Amino acid sequence: MSEVKSTLDNELMQEAPVIVLDHVSKSYDADTDNCALSDISFNIKKGEFVFIVGPSGSGKSTMIRLIMDEVSPTAGKIYVAGKDLSKLKARQICKYRRSIGIVFQDFRLLPDRNVYENVAFAQEVVGAPKHRIPKEVSKMLTLVGLSHKFKAKPNEMSGGEQQRVALARALVNNPMILLADEPTGNLDPQNSWEIMNLLEEVNKRGTTVVVVTHNREIVDVMQKRVICVQDGKLVEDKKGGYDVE
Ligand code: ADP
């Protein structure tokens, strides 16, 4: 009986939405009608891989910032892992943000620290036990293929390598969700594919992955769920390629 229940629980967990946007609008300027996002609703399930695409200025980064609870919606609700983000107190918000992995187009590594220190720093801020940090960092650097470069500083590395360090840092605390805002925006095609292959690998290991991108080729080849925004509105949400002009 308990086996049946646990199978059911597992199935329900798989189906449970991990990110919910419920009629979300965001206006940065209360005095105008200009909406960065307007009445957006979608669910992302645990373990999904989702692209968010759309022209520049259509609201993609705003969506990421809303999910990170860096800005609040003007209307609507956002739930992540069942939590209503509008109900989080200041201390909980910090903890919540640290529970999500994020990578950006411009890598955002600490320039005066080496690769090892950059990744270890993410563990230090969450108060991970000191003796476990070297093992966790080394595991992540192996995953991204950079264990041999652990002493290098960011300015001694290529863009592709820096993004792989940023990815190791984003993953070292084992986040349930990984957000990537234009992760290949500064990379050549080969490095872009290496990063995307890593994101797919991370997703196969169970992390929910949400990628904002302009990279039409990658979206077309990967054939994942694609959420498309234009002028702050959700215009398409389906599996497939990059259909937007
Ligand atoms: P995208 O990521 O698709 O390029 P953004 O989410 O950055 O789009 O921007 C959506 C809209 O919101 C744009 O019109 C942009 O000018 C506006 N916007 C974004 N951030 C701010 C901000 N901090 N203050 C005022 N307007 C902003």
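# A guided tour from an exposed loop to the helix packing

Begin by selecting N34, which is exposed, with a relative accessible area of 59%. The structure on display is a predicted model. N34 is found in the loop between strand 1 (17-26) and strand 2 (37-45). Now add D231 to the selection. N34 and D231 stand 197 residues apart in sequence, yet their C-alpha atoms are 9.8 Å apart in space.

**The whole chain**

Next, display the entire protein chain. The chain holds 8 helices and 10 strands. Along the principal axes, its C-alpha atoms fill a box of roughly 50 × 50 × 35 Å. For 245 residues, a compact globule would have a radius of gyration near 18 Å, and the value for this chain, 18 Å, agrees with that. Of the 245 residues, 47% are buried. The pairing of N34 with D231 leads to a wider point about sequence separation. When contacts between residues at least 6 apart in sequence are considered, 69% of them join residues at least 24 apart.

**Helix 6 and its buried residues**

Select residues 159-171, which form helix 6. Within helix 6, pick Q163. Is Q163 buried or exposed? Its relative accessible area is 1%, and because buried means under 20%, Q163 counts as buried. Which residues surround it, leaving aside neighbours within four places in sequence? Q163 is in contact with V103, F104, Q105, F107, P183, L187 and I195.

Move along helix 6 to E161. This residue is also buried, with a relative accessible area of 13%. Not counting residues up to four places away in sequence, E161 touches L146 and K149.

**The loop that carries Q105 and R108**

From Q163, step across to its contact partner Q105. Q105 is found in the loop between strand 6 (100-104) and helix 4 (115-125). At 31% relative accessibility, Q105 counts as partly exposed. Apart from neighbours within four places in sequence, Q105 is in contact with Q163, D181, E182, G185 and N186. To place Q105 against a later part of the chain, select I218: the two residues are 113 apart along the chain, and their C-alpha atoms are separated by 15 Å.

In the loop between strand 6 and helix 4, select R108 as well. R108 is not a glycine, although it has a positive phi of about 55°. R108 is partly exposed, at 47% relative accessibility.

**Helix 6 beside helix 7**

Return to helix 6 and add helix 7, residues 189-204. Two packed helices are described by the angle between their axes and by the distance between the axes. For helix 6 and helix 7, the angle is about 15° and the axes are 9 Å apart. Helix 6 and helix 7 are therefore roughly parallel to each other. Helix 6 passes helix 7 in a right-handed crossing. To view the contact, select G160, Q163, R164, L167 and L171 on helix 6, together with N191, E194, I195, L198, L199 and V202 on helix 7. By class, this contact of helix 6 with helix 7 has 6 nonpolar, 3 polar and 2 charged residues. Q163, already visited, has I195 among its contacts.

**Helix 6 beside helix 4**

Hide helix 7 and show helix 4, residues 115-125. Helix 4 and helix 6 pack at an angle of about 25°, with their axes 8 Å apart. Is helix 4 roughly parallel or roughly perpendicular to helix 6? Because angles under 35 degrees count as roughly parallel, helix 4 is roughly parallel to helix 6. The crossing of helix 4 past helix 6 is right-handed. Here the contact is made by V115, N118, V119 and A122 of helix 4 and by V165, A168 and R169 of helix 6. The residues of this contact between helix 4 and helix 6 divide into 5 nonpolar, 1 polar and 1 charged.

**A last stop at Q223**

Finally, select Q223, in the loop between helix 8 (216-222) and strand 9 (224-230). Phi of Q223 is near 50°, a positive value in a residue other than glycine. With a relative accessible area of 40%, Q223 is partly exposed.

How values were computed
Residues numbered from 1 in each chain as written. Predicted model: local features only at pLDDT ≥ 70, side-chain atom pairs only at ≥ 80, totals over all residues. Heavy atoms only, no water. Axes fitted to C-alpha atoms, helices over the stretch in contact; angles between N-to-C directions. Helix = DSSP H or I, 4+ residues; strand = E, 2+ residues; numbered from the N terminus. Parallel < 35°, antiparallel > 145°, perpendicular 65-115°, else oblique. Left-handed = near helix turned anticlockwise from the far one by under 90°. Contact = heavy atoms within 4.5 Å. Nonpolar A, V, L, I, M, F, W, Y, C, P; charged D, E, K, R; others polar. Rg over C-alpha atoms; globule rule 2.2 N^0.38 Å. Buried < 20%, exposed > 50% of the residue type's maximum accessible area, 1.4 Å probe, protein only.
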